[in-house]
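Trainee: I have a new model open and would like to talk it through with you. Could we start with the chain itself and then move on to how the copies meet?
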Number of protein chains: 2
Amino acid sequence: MNTPEKSAHPIRVLIAEDQTMLRGALAALLNLEADITVVAEAINGREALKLAGATAPDVVVTDIEMPERSGLELAADLKHAESAARVIILTTFARPGYLRRALDAGARGYLLKERPVSELAEAIRRVHTGLRAIDPDLAADAWEADVDPLSDRERQILRLAGEGRTSSEIASDLHLSEGTVRNYLSEAITKLGAANRIDAARIARARGWL
Amino acid sequence: MNTPEKSAHPIRVLIAEDQTMLRGALAALLNLEADITVVAEAINGREALKLAGATAPDVVVTDIEMPERSGLELAADLKHAESAARVIILTTFARPGYLRRALDAGARGYLLKERPVSELAEAIRRVHTGLRAIDPDLAADAWEADVDPLSDRERQILRLAGEGRTSSEIASDLHLSEGTVRNYLSEAITKLGAANRIDAARIARARGWL
DNA sequence: CACACGGGATGACAATTGTCATCCCTCTTT
DNA sequence: AAAGAGGGATGACAATTGTCATCCCGTGTG
């Protein structure tokens with residue numbers, strides 16, 4: 001297997017993705033592109049931030065759902081650290097809530113894993129020149145998508161409820177009274193138009209609010 | 001980009017995986033191997049079965065969770081069709097239940113997406129020569145893993161309950177009385193040692209029983 | 001034929017969950 | 001100082017959920 005010559009100043013890319021096989025495959029394929037070079041690979045957001053500091057990539061391609069620190073948090077971290085790296089979110093999920101959060105966190109690209117690798121390379125080039133690269137399917141309904149109506153507490157409690165914890169368990173976990181937990185849950189259920197806590201958790205997850 | 005010479009009789013591989021980016025990346029990388037050629041790509045189990053008939057692959061690499069027809073069902077279908085293709089399951093999930101079902105369905109390999117692509121190529125070669133390729137982490141506790149204790153009805157009802165449907169909804173969906181639904185759910189909860197239906201659904205999912 | 005067995009149904013009871021109106025504190029804002 | 005607003009707590013009540021003992025009915029099976 002021979003590597004083609006790199007151009008004088010290839011685009012320096014960092015990949016953050018927790019699934020080894022996909023991460024390795026993407027790195028290998030992107031490295032075959034003449035104008036792209038993968039300078040680092042991270043398995044979660046925390047590691048990615050560290051490596052970004054050390055390798056000064058031009059573009060960071062990151063998954064969202066990773067242990068330790070998510071891709072959305074990574075985007076925010078990089079922005080906060082005033083890194084020059086442009087961020088492209090690469091995810092399975094076409095959740096409007098995710099896209100919105102990604103853009104708020106300063107991401108310049110949002111691409112689905114449903115698309116071929118060639119589009120990723122294309123997105124990297126676009127973003128490197130300062131343009132945006134938003135998946136067309138999502139770009140449309142992103143802004144008309146409704147905003148997460150949940151408060152922090154509601155979200156937090158709903159997350160636990162969705163894992164099967166009972167009201168009283170959640171209450172003692174969070175040092176709240178059981179009644180209060182039920183109140184928050186009830187609020188969340190009405191806000192989401194759900195039938196019960198499980199349904200509410202499902203809806204929130206599907207929209208990328210959890 | 002130049003493709004290396006293929007050997008006279010390369011291993012013919014079919015890939016079934018619903019996520020386009022991973023599917024494309026794997027196909028591209030495997031094609032770079034001198035002794036492997038990807039003869040077809042499918043986005044679900046149904047399509048894979050059809051393509052397997054048309055292309056007579058030596059090895060089928062398949063994901064488990066796909067729409068239409070899962071990788072486990074595909075393995076069973078191929079066995080039933082007396083296909084000569086050897087099946088390698090490639091999945092994110094280290095669920096003992098999945099491995100067991102895979103082996104029962106006649107799969108010769110079980111590999112996690114947590115491993116590098118090189119291991120996939122290696123597994124393909126092993127399986128092609130008639131050997132097995134089971135992820136070492138799983139091989140150990142696979143057989144001592146407990147068997148799915150749920151009956152079909154219990155599983156079916158638990159699945160619906162896990163999606164947030166109420167007992168009465170499930171009852172009318174399945175033409176059962178509400179009390180009966182509660183009975184099954186209660187059974188499932190005890191069998192799994194869960195705290196409630198949500199917890200039970202979570203546990204069953206985690207073990208690959210749902 | 002008698003008997004066990006599995007799928008399904010009932011009825012009853014306790015615990016958990018969902019809903020509401022109200023109330024109590026702290027902060028802000030005016 | 002008065003008026004809101006947000007986070008949290010209570011209490012009460014209805015609906016849903018979880019648990020059990022029992023029962024009915026068709027299928028095997030000895």
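Trainee: What percentage of the 210 residues in chain A is buried?
Mentor: Bearing in mind that this is a predicted model, buried residues account for 47% of the 210 residues in chain A.

Trainee: And how many helices and strands are there in chain A?
Mentor: Chain A holds 10 helices and six strands, and its C-alpha trace spans about 65 × 35 × 30 Å along the principal axes. If you take the contacts in chain A between residues at least 6 apart in sequence, 64% of them join residues at least 24 apart.

Trainee: What about the surface, how much of the accessible area of chain A belongs to carbon and sulfur atoms?
Mentor: Carbon and sulfur atoms hold 49% of an accessible surface that comes to about 9700 Å² for chain A. As for charge, chain A carries 27 positive and 32 negative side chains, and the centres of those two sets lie 2 Å apart.

Trainee: Switching to the pair, what turn lays chain B on chain A?
Mentor: A turn of 180° with a shift of 0.0 Å along the axis lays chain B on chain A with an RMSD of 0.1 Å, which means that the two are related by a two-fold axis. The same surface serves both copies, in that 100% of the contact residues of chain B recur in chain A.

Trainee: How many residues of each chain are in contact there?
Mentor: On the chain B side 32 residues are in contact with 32 residues of chain A. The area buried between chain B and chain A is about 2500 Å², and carbon and sulfur atoms give 68% of that.

Trainee: Which residues of chain B lose the most area to chain A?
Mentor: Those are B:Gln19, B:Met21 and B:Ile198, which together give 27% of what the chain B side buries.

Trainee: Different topic: I clicked on B:Val147, so is that residue buried or exposed?
Mentor: B:Val147 is exposed, because its relative accessible area is 53% and the cut-off for exposed is over 50%. B:Val147 sits in the loop between α6 (136-142) and α7 (152-162) of chain B.

Trainee: Then what is B:Val147 in contact with, leaving aside neighbours within four places in sequence?
Mentor: With those neighbours set aside, B:Val147 is in contact with B:Arg100 and B:Trp209.

Trainee: And how far apart in space are B:Val147 and B:Ile36?
Mentor: From C-alpha to C-alpha, B:Val147 and B:Ile36 are 37 Å apart in space, with a separation of 111 residues in sequence.

How values were computed
Residues are numbered from 1 along each chain as its sequence is written. Chains are lettered from A and ligands numbered from 1 in the order in which they are written. This is a predicted model: local features need pLDDT of at least 70, side-chain atom pairs count only at pLDDT 80 or more; totals for chains, interfaces and linings use all residues. Side-chain values use heavy atoms; hydrogens and water are left out. Helices (H or I, at least four residues) and strands (E, at least two) are DSSP runs, numbered from the N terminus. Buried means under 20% relative accessible area, exposed over 50%, partly exposed in between (1.4 Å probe, protein chains only). Contact means heavy atoms within 4.5 Å. Accessible areas come from the Shrake-Rupley method with a 1.4 Å probe; for residues, only the protein chains shown count as cover. Lys and Arg count as positive and Asp and Glu as negative; His and the chain ends are not counted. The place of a charge is taken as NZ of Lys, CZ of Arg, CG of Asp or CD of Glu. Copies are superposed by least squares on the C-alpha atoms of residues with pLDDT of at least 70 in both. Buried area is the accessible area (1.4 Å probe) that two parts lose on being put together, summed over both.
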